Each structure stands twice: as C-alpha cells, then as structure tokens.
Amino acid sequence: MAASSMLSLTSQYWKLLAGLAGLLVGSIVPLFAASGMSWTVGTVIACVGYAFTLLAVRCPSCGSRWFWQASLDASLYRPIFRGTACPACQHDFATPR
Ligand SMILES: [Zn+2]
C-alpha cells in the first residue's frame with residue numbers, strides 16, 4: 001500500500017477502494033445467475049462506483065477532483081499515487097500544517 005501518496009495523506013484511500021469495489025461487484029456479480037443481480041443493476045452499480053471515485057476524491061485544500069482531472073489528463077495519475085502535493089494548487093500534504 002502506498003504509504004505516502006496524496007490519497008493516504010488526505011485519508012481518501014477508502015474512497016478509491018469503495019469505488020473499485022462497486023466497479024468490481026457490478027461487473028462480476030451479474031455473471032453468476034444465482035446472485036439474482038441483473039446486468040442492468042450491475043451496470044448501474046459499476047457506474048455509480050466509478051462516478052463516486054471521480055467525484056468524491058477531492059483536494060482538501062482547493063477542492064480539485066483528482067480522479068476527474070486524471071481522467072482528462074492521464075499524466076496526473078502518477079502524482080495521485082506517488083506524489084504528495086496537489087497538482088492543481090501545489091499544496092504539499094506531506095508537510096504538517
Ligand atoms: Zn489542491
């Protein structure tokens with residue numbers, strides 16, 4: 001687990017995991033007929049999970065939606081997982097306030 005990413009420093013890692021969980025559940029559970037989940041419901045759950053991650057993970061300093069920005073510019077994924085400073089406002093979350 002990335003110990004010093006912007007996600008963990010701002011305590012937003014769970015949002016990524018929750019979104020991924022929705023994406024996986026919505027994509028995999030409908031494969032099993034016994035689950036009773038239709039593809040329509042699965043697709044909705046997957047989309048909601050994805051949208052949740054895009055919209056819920058925000059910079060506590062400037063409000064920039066990191067995954068939304070990264071979906072538009074893939075080069076931003078690296079600072080989200082490796083960096084400690086917001087790509088939008090340059091606020092460094094590794095240094096104590
Ligand atoms: Zn920011």
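Visitor: Is Phe67 buried or exposed?
Guide: In this predicted model, the relative accessibility of Phe67 comes to 5%. The cut-off for a buried residue is under 20% relative accessible area. Phe67 therefore counts as buried.

Visitor: With which residue does Phe67 form a tilted aromatic pair at 6.2 Å centre to centre?
Guide: The planes of the two rings stand at 50 degrees, and planes from 30 to 60 degrees apart count as tilted. Phe67 lies in helix 4 (residues 66-72) and its partner in helix 5 (residues 77-82), so the pair ties together parts that are 10 residues apart in sequence. The partner is partly exposed, with a relative accessible area of 33%. The residue is Tyr77.

Visitor: Which residue do ring pairs link into a cluster with Phe67 and Tyr77?
Guide: Four aromatic pairs are found in a search of the whole structure. Ring pairs join Phe67 and Tyr77 into a cluster with Phe81.

Visitor: How many residues apart in the chain are Trp14 and Phe52, which form a pair?
Guide: The ring centres of Trp14 and Phe52 lie 6.1 Å apart with planes at 50 degrees, so this pair is tilted. Trp14 belongs to helix 2 (residues 13-28) and Phe52 to helix 3 (residues 39-56), and the pair thus links distant parts of the chain. Phe52 is partly exposed, at a relative accessible area of 32%. The separation of Trp14 and Phe52 is 38 residues.

Visitor: Which residue of helix 2 that Thr53 touches is also touched by Leu7?
Guide: Thr53 is placed in helix 3 and is buried, with a relative accessible area of 8%. Leaving out residues up to four places away in sequence, Thr53 touches Lys15, Leu16, Gly19, Leu20 and Phe67. With the same exclusion, the contacts of Leu7 include Gln12, Tyr13, Leu16, Trp66 and Phe67. Helix 2 covers residues 13-28, and the residue asked for is Leu16.

Visitor: Which element gives the largest share of the largest nonpolar core?
Guide: This core has 14 residues, of which Leu7, Trp66, Phe67 and Ile80 touch the most other members. Helix 1 (6-9), helix 2 and helix 4 are the elements that give two or more residues to the core. The largest share is three residues, and it comes from helix 4.

Visitor: What span is expected for helix 2 at 1.5 Å a residue?
Guide: Helix 2 has 16 residues, and the expected span is 1.5 Å times one less than the number of residues. From its first C-alpha to its last, helix 2 reaches 22 Å, which is close to the expected 22 Å.

Visitor: Which elements are included in what covers the buried residues of helix 2?
Guide: The buried residues of helix 2 are Tyr13, Lys15, Leu16, Gly19, Gly22 and Gly26. Their cover includes helix 1, helix 3, helix 4 and helix 5.

Visitor: What is the geometry of the zinc ion site?
Guide: The SG atoms of Cys59, Cys62, Cys86 and Cys89 coordinate the zinc ion at 2.3 Å. Along the chain these donors follow the spacing C-x2-C-x23-C-x2-C. The angles among the four donor atoms are 106 to 117 degrees, and four donors count as tetrahedral if all angles lie between 85 and 135 degrees. The site is therefore tetrahedral.

Visitor: Is Cys89 buried or partly exposed?
Guide: Cys86, another zinc donor, is buried at a relative accessible area of 0%. The relative accessibility of Cys89 is 29%, and buried would require under 20%. Cys89 therefore counts as partly exposed.

Technical notes:
Residues numbered from 1 in each chain as written. Predicted model: local features only at pLDDT ≥ 70, side-chain atom pairs only at ≥ 80, totals over all residues. Heavy atoms only, no water. Phe/Tyr/Trp six-rings, centres within 6.5 Å; stacked < 30°, edge-to-face > 60°. Helix = DSSP H or I, 4+ residues; strand = E, 2+ residues; numbered from the N terminus. Buried < 20%, exposed > 50% of the residue type's maximum accessible area, 1.4 Å probe, protein only. Donors = N, O, S within 2.8 Å, 3.2 Å for Na, K, Ca; no water. Tetrahedral: all angles 85-135°; square planar, octahedral: opposite > 155°, others 65-115°. Contact = heavy atoms within 4.5 Å. Core = buried A, V, L, I, M, F, W, Y, C linked by side-chain atoms within 4.5 Å.
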